[in-house]
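Me: Please take a close look at how the helices of one chain pack against each other in this structure. I am a first-year student, so keep the wording plain.

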Amino acid sequence: MKAILLPVLIFLVLGAAMGALLAVASRVFAVKKDERAEEILACLPGANCGGCGFTGCAAFAKAVSDGEASPTGCSVGGAEAAEKIGAIMGVEVGGMVKMRAQVMCSGTSEFARKKYIYEGVPDCVAASKIGGSDKLCPNGCIGLGTCVAACPADAIKVEMGVAAVDYTKCIGCGVCTNACPRGIIQLVPFDAKHWVGCKSEDSGKKVRQYCDVGCIACKLCAKNCPEKAISIENHLAVIDYSKCTGCDVCVSKCPRKIIWSGEQQGKLGLVIARIPEDALKEVE
Amino acid sequence: MSEIFMIMFAAILTENFIFAKFYGICPFLGVSDKPSTALGMGMAVTFVMTISSAATWAVYYLILAPLGLEYLKTIAFILVIASLVQFIEMFLRKNIPSLYSALGIYLPLITTNCAVLGSALVNIQEGYNFFESVVFGFSAAIGFTMAIVVFAGVRERLVLADPPKAFRGYPILLIAAAMVAMAFSGFAGMDFTR
């Protein structure tokens, strides 16, 4: 009998002692938690995409409650989440625009010329280490899908050698903009009506040598824009999305046919990328 | 003194926990994808293993041995280690927040790790005294850290490799681990007594 009772007794005492130790410790070493962090966490989408620059939604919520991050930092939650977080933090949150990712390159395999045939690891970062990738254009999409792998929403596909974002799936987190070694993916307002499908900052002469659909900085779009929404910066047309009214003038004036236009489709107001078919034929 | 150095070298190289004894394979494969996370895990293991070696030695020789309950050491050690790690976690969170955030998620992960329990049991098996036990726990953990960091370096290269489809993921990982373990078996013949 003693052989059984003694171990049971010892373990009861040992267990109770350990339990008591932890119970006391949890009181003595209690750390005050910011309740706002948990409230903020409840407002966030919980995708843990990392687009805000923090390791996850919990880390972002903590940073906001500590005053280290802006309540508008979550691009996925958008205006709705920002407003709720602002209410918790007691600050006014200005209008926040829903964003989407846009690949600023039109140089599909038929338009952009290559300098060699790349047969290495299928990864843009690896390819960009070898003579700056196989594309002659130093700002063209490498098309090996580093952004595809990085996208938490499975919204990017590589088509004809250029990455394309599916706007119905894009959550606007911005992870791809950091993943792209060329930095040619940008966040644009979700309802941006026109955008320039090129990121080349070389002179027109050079661009003509390596791509049929690169911006040559001819300034035709800037001169003809009735809203003065387009400017030329570093040999590249840049659209001010807040001024753009979507009048399509630049689309028709661009000799390289690289100003793209989005159209609202259906009640969802989704923007579907479209390039005029006749424009493509002209380039060919 | 040479005794202590013998224990240290044996624990780190010839009797390496991962490559020779195959303890702690789970964190070894789980958190070795980047050298930085591997180092974090290694640091947490070092911390816990050193402290648990001391605590389990005390529990065994002060409580279990006098009462003739040696056969219950495994369950007693699990209990002691788990509560000890919990306690340390609370203590660190309050008093040394920087260390708490550095060890982070790894600390609770290894409460019931077999490498930690293994070091406690080996201490008893080898009949180490208190000081030797602490040194053994510390050095075994250093060996663990070295192994996991070395393997994280190997894994970084593996990412770029292009193995056949059937070998992708864990199969090629286990093969790579076996090769590193074989390389480590070169230490097995070394005798530190001379």
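Reply: What follows describes helix packing in chain B, with some notes on chain A at the end. The model is a predicted one.

Start with the make-up of the chain. Chain B has nine helices and zero strands. Read from the N terminus, its elements therefore run α-α-α-α-α-α-α-α-α. Of its 194 residues, 45% count as buried. Among contacts between residues at least 6 apart in sequence, 77% join residues at least 24 apart.

Two packed helices are described by the angle between their axes and the distance between the axes. Two pairs in chain B can be treated this way.

The pair to take up now is α1(B), residues 2–14, and α8(B), residues 130–160. Their axes come within 7 Å and cross at roughly 30 degrees. Angles under 35 degrees count as roughly parallel, so α1(B) is roughly parallel to α8(B). The crossing of α1(B) and α8(B) is right-handed. On the α1(B) side, the contact is made by Glu3(B), Ile4(B), Ile7(B), Met8(B), Ala11(B), Ile12(B) and Leu13(B). On the α8(B) side, the residues include Phe131(B), Glu132(B), Val135(B), Phe136(B), Ser139(B) and Met146(B). Sorted by class, the contact of α1(B) with α8(B) has 12 nonpolar, two polar and two charged residues.

The other pair is α3(B), residues 35–67, and α7(B), residues 114–125. Here the axes come within 9 Å and cross at roughly 45 degrees. That angle is neither under 35 degrees nor within 65 to 115, and α3(B) and α7(B) are therefore oblique to each other. The crossing of α3(B) and α7(B) is right-handed. From α3(B), the residues in contact are Val48(B), Met49(B), Ser52(B), Ser53(B), Thr56(B), Tyr60(B) and Tyr61(B). They meet Ala115(B), Val116(B), Ser119(B), Ala120(B), Asn123(B) and Ile124(B) in α7(B). By class, the contact of α3(B) with α7(B) has eight nonpolar, five polar and no charged residues.

Next come the nonpolar cores. The largest has 62 residues, and those touching the most other members are Phe19(B), Phe28(B), Met41(B), Phe136(B) and Phe151(B). Phe136(B) is also one of the α8(B) residues in the contact with α1(B). Leaving aside neighbours within four places in sequence, Phe151(B) is in contact with Phe28(B), Leu29(B), Ser32(B), Leu173(B), Ala176(B), Ala177(B) and Val180(B). A second, separate core has 25 residues, among them Val196(A), Tyr210(A), Cys215(A) and Ile230(A).

Chain A offers a few details of its own. In α3(A), residues 57–65, the buried residues are Cys57(A), Phe60(A), Ala61(A), Ala63(A), Val64(A) and Ser65(A). What covers them includes α2 (35–43) and α4 (78–89) of chain A. After α3(A) comes Gly67(A), whose phi is positive, near 80 degrees.

Positive phi values also occur in residues other than glycine. Ser133(A) has a phi near 70 degrees and is found in the loop between α5 (124–128) and α6 (146–150) of chain A. Ser133(A) has a relative accessible area of 0%, so it is buried. Lys219(A) also has a phi near 70 degrees, and its place is in the loop between α8 (204–210) and α9 (220–224) of chain A. With a relative accessible area of 43%, Lys219(A) is partly exposed.

Conventions:
Residues are numbered from 1 along each chain as its sequence is written. Chains are lettered from A and ligands numbered from 1 in the order in which they are written. This is a predicted model: local features need pLDDT of at least 70, side-chain atom pairs count only at pLDDT 80 or more; totals for chains, interfaces and linings use all residues. Side-chain values use heavy atoms; hydrogens and water are left out. Helices (H or I, at least four residues) and strands (E, at least two) are DSSP runs, numbered from the N terminus. Buried means under 20% relative accessible area, exposed over 50%, partly exposed in between (1.4 Å probe, protein chains only). Axes are lines fitted to C-alpha atoms, for helices over the stretch in contact, and angles run from 0 to 180 degrees between N-to-C directions. Angles under 35 degrees count as roughly parallel, over 145 as roughly antiparallel, 65 to 115 as roughly perpendicular and the rest as oblique. A crossing is left-handed if the near helix is turned anticlockwise from the far one by less than a right angle, and right-handed if clockwise. Contact means heavy atoms within 4.5 Å. Ala, Val, Leu, Ile, Met, Phe, Trp, Tyr, Cys and Pro count as nonpolar, Asp, Glu, Lys and Arg as charged, and the others, Gly among them, as polar. A nonpolar core is a set of buried Ala, Val, Leu, Ile, Met, Phe, Trp, Tyr and Cys residues joined through side-chain atoms within 4.5 Å.
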